[in-house]
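Hello,

I am passing a structure over to you today, and I hope you enjoy looking through it. Please open it first and then read my notes below.

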Amino acid sequence: AKAYAMQVLGVTPKVAQQLQGQSRQLFERQLVELRTLQPTPAIRSAQEQLELAWTSYRAVLDEAPRAERLPLLQTEADRTLSAAHHLTGLYEAQNASRVGRLINVSGRQRMLSQRLAKCYFVAESGVSVNAVKGELIKAQQEFKTALVELNEAAENTLEIRRDLELANMQWLFFEQYSHEPYIAVA
């Protein structure tokens, strides 16, 4: 969705197109891998729901990027994200360990960083600015809360602590940069 919005805005469109293609390929490879890891009926059902959501989302992504399609893109991206989050939660619950939770939280941080960028680009397009404002603020708050949890985790290795230091610095930069009214940090 971020790469689609970048293309709508004309922000490095060739790079954005490549990014969209690479992201799509990675997502589809991961869907194939997940099909091999379906230990419960609930997980199998959640996997099917994710694949259905992805089919609709992919149909929107297959069309040439246009500003007027950004609201539909957001709807389909959110449906797919919700299905993926549900499936991830089922896997985390099955693992039922603190390390499993931390892995899920750290993976969600990556998603949130991409969501923040997507929200910024969609807001810049002038389409759905009000709709994206709440999403952006929620993502910022969730990212910040999770960053605290990850920083405080006793399970962190030295390498993880170093990576978290970098993430903390980048987050500080983001907070200082987000001065526009629709991306103000709450």
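Here is what turned up, going from the core to the salt bridges and then to the backbone.

This is a predicted model, in which local features need pLDDT of at least 70, side-chain atom pairs count only at pLDDT 80 or more, and totals for chains, interfaces and linings use all residues. Residues are numbered from 1 along each chain as its sequence is written, and side-chain values use heavy atoms, with hydrogens and water left out.

Let me begin with the core. The largest nonpolar core (buried Ala, Val, Leu, Ile, Met, Phe, Trp, Tyr and Cys residues joined through side-chain atoms within 4.5 Å) has 39 residues, and Y57, L61, L70 and L73 have the most contacts inside it. At least two residues of this core come from each of helix 1, helix 2, helix 3 (41-62), helix 4 (70-95), helix 5, helix 6 (129-152) and helix 7 (158-177). Helix 5 gives the largest share, nine residues. Helices here are DSSP runs of H or I with at least four residues, numbered from the N terminus. Beyond its neighbours within four places in sequence, L70 is in contact (heavy atoms within 4.5 Å) with Y4, A5, V8, V122, S125 and V127.

Helix 5 covers residues 98-125, and its 28 residues reach 40 Å from first C-alpha to last, close to the 40 Å expected at 1.5 Å a residue. That expected span is 1.5 Å times one less than the number of residues. Just after helix 5, G126 has a positive phi of about 85°.

Next, the salt bridges. With a side-chain nitrogen of Lys or Arg within 4 Å of a carboxyl oxygen of Asp or Glu as the rule, the count is 17. E149 pairs with R98, the closest N and O atoms being 3.5 Å apart. Since E149 lies in helix 6 and R98 in helix 5, this pair ties together parts 51 residues apart in sequence. E149 also bridges to R101, with 3.0 Å between the closest N and O atoms. K144 and E175 meet in another salt bridge at 3.0 Å, N to O. Bridges that share partners join E92, R98, R101, E149 and E155 into one network.

One last backbone detail: T12, in the loop between helix 1 (2-9) and helix 2 (13-34), has a positive phi near 35° although T12 is not a glycine. Most residues other than glycine have a negative phi.

Best wishes

Key:
Buried < 20%, exposed > 50% of the residue type's maximum accessible area, 1.4 Å probe, protein only.
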